[in-house]
Amino acid sequence: MKYNKLSTIATATLLAMGFTASAAASDRVIIQVDNSKKGVVKALAKQLGGDVKVDADGFIAAQFTGKTLSEIKGLLNNPHIKLVEQDFERRPMAIYNDDLGNPMAEQLTPYAVYQSQANLVNFNAGAGMKVCVIDSGLDRSNVDFDWGNITGDNDSGTGRWDVAGGPHGTHVAGTVGAADNGVGVVGMAPGVAMHIIKVFNASGWGYSSDLAYAAQKCTAAGANIITMSLGGGGANSTESNAFATFTNNGGLVLAAAGNDGNTTRSYPAGYPSVMMIGANDANNNIATFSQFPSCTSGKGKNVTTDETICVEVTAGGVDTLSTYPADGATSSSLYAGNTAYASSAMENSGTASGSTYFMGLSTSVNSAAAGKVCVIDRGTISFHDKVKNCQNSGGIGAVIINNTAGMLYGTLGEGSANTTSIPAVGAALEDRAALLAASNMTVSIESSDYGYMSGTSMATPAVAGVAALVWSNFPSCTGTEIRNALKATAQDAGAAGKDVYFGYGIVKAKAAYDYLSVNGCAGGGDTGGGDTGGGDTGGSCKGGPKKCG
Ligand SMILES: [Ca+2]
Ligand SMILES: [Ca+2]
């Protein structure tokens with residue numbers, strides 16, 4: 001099969017945006033259960049529409065989209081379950097979206113690199129920039145890093161820093177500094193030195209004291225930037241003081257605004273010393289999930305400026321392509337003829353290619369599907385049974401089309417609950433007519449080292465990488481001076497002028513570079529407007545030949 005990478009990426013973008021719109025709801029619970037009964041309870045949760053997110057010692061966590069805690073408690077009325085409670089609030093700030101990866105034999109540049117002009121500024125590798133990434137570790141299996149420039153701290157609680165605790169930290173680090181090496185993706189500051197501190201594992205969480213301690217470790221490692229794609233409610237002086245100290249010593253600290261799409265102030269982003277980062281999409285629109293707390297005075301709170309505390313800038317954070325632990329992402333693809341259609345991986349792996357047979361609702365076996373790819377409508381019976389009927393008919397792959405607007409996401413059951421083996425993908429209702437009209441199809445599910453995620457977690461390392469990129473060209477500046485330059489040159493978006501969603505706007509590396517070239521570290525002009533960026537970006541390239549060519 002011939003991959004058409006661009007069209008696959010583009011269709012994936014559309015469906016991922018639909019996915020994120022509803023994913024911020026707090027419909028996720030922790031289910032306490034003895035390990036010996038966990039398999040039964042996981043199967044039950046899945047049967048009831050739950051998406052199992054965490055499988056831990058003594059509990060699982062599952063998301064029941066659109067349901068309230070009391071509704072979920074009502075569903076999970078089972079003697080094996082000890083307790084059902086709301087999942088913990090402080091978390092990495094990404095909306096996982098790990099079934100959209102695409103295996104890549106060549107390097108793709110994430111859209112945010114172009115959007116924030118990182119391709120127009122050359123990274124000065126000799127300037128001593130080091131970004132401290134406080135997250136879930138960076139998996140050494142991914143080859144898209146300059147590993148000689150990366151260090152980290154092991155932790156008795158979370159384990160080795162270079163073993164991923166879920167894909168989040170690896171994804172975040174790739175956005176900061178994935179290597180410009182011809183494969184995979186490229187970060188905002190390709191190959192920048194990084195120090196990795198692992199404060200949580202997969203679907204875990206950290207505490208404010210962990211972060212305060214991490215800031216000290218970042219200092220000890222010689223980092224000048226801290227990026228945190230995490231947060232939660234509640235401020236305390238220990239945490240605030242730690243980041244103020246880092247900032248007052250010349251550093252720059254960034255943290256995610258949060259993904260709940262409301263005015264809630266998350267911490268550490270809500271501390272005055274920390275640059276709060278929101279997320280925009282590829283079309284310069286604010287991400288629906290990006291939090292927008294009101295701007296309050298930071299005076300007297302460990303900072304010397306009178307900067308207000310709210311979102312300061314944004315960067316791309318909707319459907320961000322970046323690095324995963326090896327084979328950690330699952331990619332699906334769906335081709336009708338040579339045309340790629342959006343799809344979601346449901347279950348099984350492999351590639352099925354052949355003529356199509358429309359099975360309707362696939363409520364029974366039909367030998368006419370033998371040797372063919374089954375095209376199936378959603379409804380009446382379970383996804384699993386539909387695919388099973390296809391397989392028992394001799395079908396080689398299955399496409400289940402949604403019966404409501406948007407992409408169909410689903411699974412066929414874990415472990416022994418799934419008795420199918422053919423690749424099965426979901427498809428969007430909008431593509432139904434085209435898929436039914438297709439005479440042949442290729443369905444593929446495979447693992448990938450790269451995948452998409454959405455969240456202010458993805459925007460934050462993008463700004464951290466841009467900061468490292470710009471700062472590397474003006475290493476005598478302080479972190480606060482770089483912060484001011486990024487704000488002064490951000491491209492206004494949304495409502496005219498500074499607003500609570502975008503802050504000063506979308507961060508622009510080349511504009512900040514030019515601003516510092518003209519004005520020096522201390523800046524020259526009024527930084528209140530946030531409207532000095534946004535002009536034509538297609539002009540001169542002052543960077544070196546590597547990135548400007
Ligand atoms: Ca690369
Ligand atoms: Ca604005």
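**Group meeting: disulfides, a calcium site and two cores**

Let's start with a bond. The torsion about the S-S bond of C132 and C218 is about -75°, so this disulfide is left-handed. Its two ends sit in different kinds of element: C132 belongs to strand 6, residues 130-135, and C218 to helix 6, residues 208-220, so the pair ties together parts that are 86 residues apart in sequence. The sulfur atoms of C132 and C218 are 2.0 Å apart. Are these cysteines buried or exposed? C132 has a relative accessibility of 0% and counts as buried, and C218 is buried too, with a relative accessible area of 0%.

I should say right away that this is a predicted model, so please keep that in mind as we go.

Now let me step back to the whole chain. We have 549 residues, and 56% of them are buried. The secondary structure comes to 13 helices and 25 strands. If you take the contacts with a separation of 6 or more, 78% of them are between residues 24 or more positions apart. As for the outside, the accessible surface is about 20,100 Å², and carbon and sulfur atoms account for 49% of that.

Back to the disulfides. How many are there in the chain? The count comes to 4, and I'd like to show you two others besides the one we began with.

C295 and C310 form a disulfide, with 2.0 Å between the sulfur atoms. The torsion about its S-S bond is about 85°, so this one is right-handed. Both ends are in loops: C295 lies between strand 12 (275-280) and strand 13 (296-297), while C310 lies between strand 14 (308-309) and strand 15 (311-316), so the parts being tied together are 15 residues apart in sequence. The two cysteines also have their own levels of cover. C295 is partly exposed, at a relative accessible area of 33%, whereas C310 is buried, at 1%.

Then there is C477, joined to C521 with an S to S distance of 2.0 Å. With -85° about the S-S bond, that link is left-handed. Here the loops are between helices: C477 is in the one between helix 10 (456-471) and helix 11 (479-489), and C521 in the one between helix 12 (509-519) and helix 13 (545-548), so this pair ties together parts 44 residues apart in sequence. C477 counts as buried, at 5% relative accessibility.

On to the metal. Which residues hold the calcium ion, ligand 2? Its coordination comes from D492 (OD), A493 (O), A495 (O), G497 (O) and D499 (OD), at 2.3 to 2.4 Å. Along the sequence, the donor residues are spaced D-A-x1-A-x1-G-x1-D. One of them, D499, counts as buried at 10% relative accessibility.

Finally, the interior. In soluble globular proteins, nonpolar side chains tend to be buried together. In this model, the largest nonpolar core has 60 residues, and V192, M194, I225 and L486 have the most contacts inside it. Helix 10 gives the most to this core, with 11 residues. If you'd like a place to zoom in, try V192: leaving aside neighbours within four places in sequence, V192 is in contact with F123, M129, V131, N149, V176, G177 and A468. There is also a second, separate core of 27 residues, with I197, F200, M228 and V311 among them.

That's my tour. Thanks for listening, and I'm happy to go back to any of the sites.

Key. Residues are numbered from 1 along each chain as its sequence is written. Chains are lettered from A and ligands numbered from 1 in the order in which they are written. This is a predicted model: local features need pLDDT of at least 70, side-chain atom pairs count only at pLDDT 80 or more; totals for chains, interfaces and linings use all residues. Side-chain values use heavy atoms; hydrogens and water are left out. Helices (H or I, at least four residues) and strands (E, at least two) are DSSP runs, numbered from the N terminus. Buried means under 20% relative accessible area, exposed over 50%, partly exposed in between (1.4 Å probe, protein chains only). Contact means heavy atoms within 4.5 Å. Accessible areas come from the Shrake-Rupley method with a 1.4 Å probe; for residues, only the protein chains shown count as cover. A disulfide is a pair of cysteine sulfur atoms within 2.5 Å. Donors are N, O and S atoms within 2.8 Å of the metal (3.2 Å for Na, K and Ca); water is not among the atoms, so sites may look incomplete. A nonpolar core is a set of buried Ala, Val, Leu, Ile, Met, Phe, Trp, Tyr and Cys residues joined through side-chain atoms within 4.5 Å.
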